[in-house]
Amino acid sequence: MILKITGSGPLSGRVTVSGAKNAALKIMAASLLAGGPCRLTGIPQIADVNTMAGVLRGLGAVADFQQDGCVIIDPRGVNRLEPSEELVIRMRASIQVMGPLLARFGYVKTRQPGGCNIGPRPIDLHLKGFAALGAEIKEECGYVSAKASALKGAEILLDVPSVGATENIMTAACLAEGTTVIRNAAREPEIIDEQNFLNRLGANIKGAGTDTIKIEGVKELGATDYTVIPDRIEAGTFMTAIAVAGGEARIENTIPEHQQALISKLRETGVEIIEGDTYVIVRRCPKTRLRASNIRTMPYPGFPTDVQPQFVAAMSLSEGTSEIIEGVFPLRFKYTEELTKMGAKVTVDGKQAIVTGVPTLHGTTLEAPDLRGGAALILAALAAEGVTEISGIDHIDRGYEDLPGKLSLLGASIERIDVTKKRQAG
Ligand code: UD1
């Protein structure tokens, strides 16, 4: 399957954002702690969610998708404590089952998730946290296990505010004896969402959204229904799409408070944004060019690394030169090699990219190297002259619920083409 995109000028209309991938995956994993079935709504229909459902089923839990787009997770049948190696390699978020399994069953063993297309992604901080809670950690031949007869609350200071480590430690500490304090915790909205879910199960967690999270261990947890927050990265992708292609869109089901870093940067480039309660309206006159702007990605509430590639696509068509510093995943610039094939001028030096805006990009044949890098190529193609064909779109389908379909709703000319059929016909 490839995407065929014809640069078609300004976009307009309405689009609705799905539930947050990065909240849904963690809350699905945290459901392993529940005492009964949990009905989760706002779960996006994306490949990563299917992978997490596969991980949970492999452990013996029920993960049932319902007609209305929700999933029921019942962990009462869990009888295996080793997540599928194949799925852990496919999706790093699979390791989020470690905290809940360790807390509930005193053991977990998994394949090390390793690096990925945006650079090395270690899990040392997850493991240090489990060790501080009293688990015995063993790492050998690419596998890691954690074992504890009983976890005990502890003071844990994270070297860097890792989102995944904060969440994994938070779930592990829910059933530990006594109090756990996580300092220098990540402050992402998805962590608040996970805290809210766990507290609905009966956990006692305070402070998510700040850099200090306090967890008072409880004996057991119950069950609950829960709706996950909207996806701020998907919303940010649509906002940036309007910046790139011009036009006006109302983006529904978004929390403007979660978008402040992007909103302020887009305004700096000349994009007009109206913030509603659960929506934003984004406007950019197609006749004027964007102004260049510098960004440095940082943990929340700084500029999100997951919108860096899309923002670079916008800056590649701006008037002037932008300096982009990647402060979270230093190797996250692979997609710029593809952008330059469209005529973009981007020079990468380590964690810095210098983007010199050009008046036009041209369509060509590209390959999406990763999820957000793939989204950036789609955005650039919307504004490019001529036709762009993008392969590797399974990366994009991992994390966006029908991004091509939603962009079509805004008037983009974008279609999926089955290349195997095309070849057979040829
Ligand atoms: C999550 C998001 C991802 C987002 C990232 C940063 C999910 C499924 N993924 O990834 O989309 O880009 O947050 O907002 O929610 N680090 C260590 N040791 C560790 C853990 C992390 O050194 O044990 C480093 C990483 O290499 C990276 C930094 O910490 O440089 C931040 O990574 P982290 O916040 O953990 O990202 P993820 O949770 O993997």
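How many salt bridges does the rule find across the interface of domain 1 and domain 2? The count is two, and the views below, taken from a predicted model, start with how the chain is split up.

**View 1. Two domains share this chain, and one of them comes in two pieces.** Domain 1 takes in 2–17 plus 230–425, while domain 2 covers 21–227. Where they touch, domain 1 puts in 20 residues and domain 2 puts in 18. Measure from C-alpha centre to C-alpha centre and the two domains sit 30 Å apart.

**View 2. Here is what gets covered up between domain 1 and domain 2.** Interface size is often quoted as the accessible area lost when the parts come together. For this pair, about 1,600 Å² is buried, with 54% of that on carbon and sulfur atoms. The rule also picks out two salt bridges across the interface.

**View 3. Glu 190 and Arg 232 pair up in a salt bridge.** Zoom in on the closest N and O atoms of Glu 190 and Arg 232 and you'll find them 2.8 Å apart.

**View 4. The second largest pocket has a volume of about 290 Å³.** Its lining is made up of 20 residues, and those closest to the pocket centre are Val 244, Arg 284, Leu 317, Pro 359 and Ala 383. Sort the lining by type and you get twelve nonpolar, four polar and four charged residues.

**View 5. Helices H8 and H12 both help line the second largest pocket.** H8 spans 232–245 and H12 spans 371–383, with each giving at least two lining residues. H8 provides the largest share, three residues.

Note on methods
Residues numbered from 1 in each chain as written. Predicted model: local features only at pLDDT ≥ 70, side-chain atom pairs only at ≥ 80, totals over all residues. Heavy atoms only, no water. 1 Å grid on protein atoms, 1.4 Å probe; cavity = no way out; pocket = protein on both sides within 12 Å on 5 of 7 lines; lining within 4 Å. Points joined across faces, edges and corners; volume = space filled by probe spheres on them. Helix = DSSP H or I, 4+ residues; strand = E, 2+ residues; numbered from the N terminus. Nonpolar A, V, L, I, M, F, W, Y, C, P; charged D, E, K, R; others polar. Domains from an automatic or database assignment. Contact = heavy atoms within 4.5 Å. Buried area = accessible area lost by both parts, 1.4 Å probe. Salt bridge = Lys/Arg side-chain N within 4 Å of Asp/Glu carboxyl O.
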